[in-house]
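The following exercises are intended to be worked with the sequence and the coordinates at hand. Each task is followed by a solution in steps.

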Amino acid sequence: MSPTTAAALHVGIGSISLLAYWTALLARKGALLHTSAGWISLATLVIVSLSVAPILFTRPGPFDPGWVVQMVYLMTCIFTVSMIGYSAIRYKADPDRFRSPAFRMLGPVLLVLGIVVLVAGVARRDPVAIVLSWVGLVYGPAMIGFSRYKGPLHPRWGVIWHLNAVVGLFNAVNGNFMFVAWRSLGLGDSIAVQAGFQILTVLIALLLRLWFGARFDAPMRFSPVPRREAGTRAIAAVR
């Protein structure tokens, strides 16, 4: 496969994923359009991440192991977060099935890879790698914590994890697209600009998570009540 063909394949599938993502985001939640577009978006995102490999191995220049590590990391992140977004709704009535062996294994894997990418980014002074390490550093501990959590769950825990996943994917879907569009307009082409778009989309994703969380009663916690409040209630009950 030539570099041009590999790039065209990546852009084509990525465009489908981008369109499906925004369709699902703007559609009425729970409607057929929302679920269909959401499934297409998650599936094509995984394919898009796989399509990075032909681009990496056909690009001119010497082989760079660092690019391979970053590619494996991003593929693992997108696969894991997409899996969470799908299974959180499919198994919303069965948290034990949601906490599958794959879920339990991928949590520590994401955390380790996130640390590796962060350290490598700092060592190479690569701001893009430093920013992208947030996925492993956030989702990894959250998955580990949920795997080990034994207390009562928030009644909308499935929606919570679904929002955590699909809103987090806002960065993956839109970060590079915005940078490529900016570069195509001749407005700048530097690693600092690319990192800036990554930071921007992460901040937008956080704001979306807070907004959707308030709208659908889906706070960013596992328990039915905040842990501090739960502790206060327990002490009061003992007294």
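The exercises begin with the whole chain and then turn to helices and single residues of this predicted model.

**Exercise 1. Overall make-up**

Task: Determine how many helices and strands the protein chain has, and state what share of its residues is buried.

Solution.
1. The secondary structure of the protein chain consists of 11 helices and zero strands.
2. Read from the N terminus, the order of elements is therefore α-α-α-α-α-α-α-α-α-α-α, in line with helices being defined as runs numbered from the N terminus.
3. Of the 239 residues in the protein chain, 40% are buried.
4. Among contacts between residues at least 6 apart in sequence, 73% link residues at least 24 apart.

**Exercise 2. Span of two helices**

Task: Compare the end-to-end distance of α2 with the span expected at 1.5 Å a residue, and do likewise for α6.

Solution.
1. Helix α2 covers residues 32–50.
2. Its 19 residues should span 27 Å at 1.5 Å a residue, and the end C-alpha atoms lie 27 Å apart, so the two values agree.
3. Helix α6, residues 101–124, has 24 residues; its first and last C-alpha atoms are 34 Å apart, close to the expected 34 Å.
4. The buried residues of α2 are H34, A37, G38, S41, L42, T44, L45, V48 and S49.
5. In α6 the buried residues are F103, L106, G107, L110, L113, G114, V117 and G121.
6. Just after α6, R125 adopts a positive phi of about 55°.

**Exercise 3. Packing of α8 and α9**

Task: Classify the relative direction of α8 and α9 from the angle at which their axes cross.

Solution.
1. The axes of α8 (residues 134–148) and α9 (residues 157–184) come within 12 Å and cross at roughly 170°.
2. An angle over 145 degrees counts as roughly antiparallel, so α8 is roughly antiparallel to α9.
3. On the α8 side, the contact is made by W134, Y139, A142, M143 and F146; on the α9 side, by W157, W161, N164, A165, G168 and N171.
4. By class, the residues of this contact are eight nonpolar, three polar and no charged.

**Exercise 4. Residues linking α2 and α4**

Task: Decide whether S49 is buried or exposed, apply the analysis to M75 and S82, and list their contacts beyond four places in sequence.

Solution.
1. S49 lies in α2. Buried means under 20% relative accessible area, and S49 has 5%, so S49 is buried.
2. The side chain of S49 reaches the backbone oxygen of V46 at 2.6 Å.
3. Beyond its neighbours within four places in sequence, S49 contacts M75 and I78.
4. M75 belongs to α4, residues 65–90. Its relative accessible area is 22%, and M75 is therefore partly exposed.
5. Apart from neighbours within four places, M75 is in contact with S49 and L50. The C-alpha atoms of M75 and V46 are 7.4 Å apart, although 29 residues separate the two along the chain.
6. S82 is also found in α4; with 4% relative accessibility, S82 counts as buried.
7. Residues up to four places away aside, S82 touches L42, L45, V46 and L169. S82 and L42 are 40 residues apart in sequence, yet their C-alpha atoms are 5.4 Å apart.

Definitions and conventions: Residues are numbered from 1 along each chain as its sequence is written. This is a predicted model: local features need pLDDT of at least 70, side-chain atom pairs count only at pLDDT 80 or more; totals for chains, interfaces and linings use all residues. Side-chain values use heavy atoms; hydrogens and water are left out. Axes are lines fitted to C-alpha atoms, for helices over the stretch in contact, and angles run from 0 to 180 degrees between N-to-C directions. Helices (H or I, at least four residues) and strands (E, at least two) are DSSP runs, numbered from the N terminus. Angles under 35 degrees count as roughly parallel, over 145 as roughly antiparallel, 65 to 115 as roughly perpendicular and the rest as oblique. Contact means heavy atoms within 4.5 Å. Ala, Val, Leu, Ile, Met, Phe, Trp, Tyr, Cys and Pro count as nonpolar, Asp, Glu, Lys and Arg as charged, and the others, Gly among them, as polar. Buried means under 20% relative accessible area, exposed over 50%, partly exposed in between (1.4 Å probe, protein chains only). A polar contact is a pair of N or O atoms within 3.5 Å; within protein, one must be able to donate a hydrogen and the other to accept it, and residues adjacent in sequence count only if both atoms are side-chain atoms. The expected span of a helix is 1.5 Å times one less than its number of residues.
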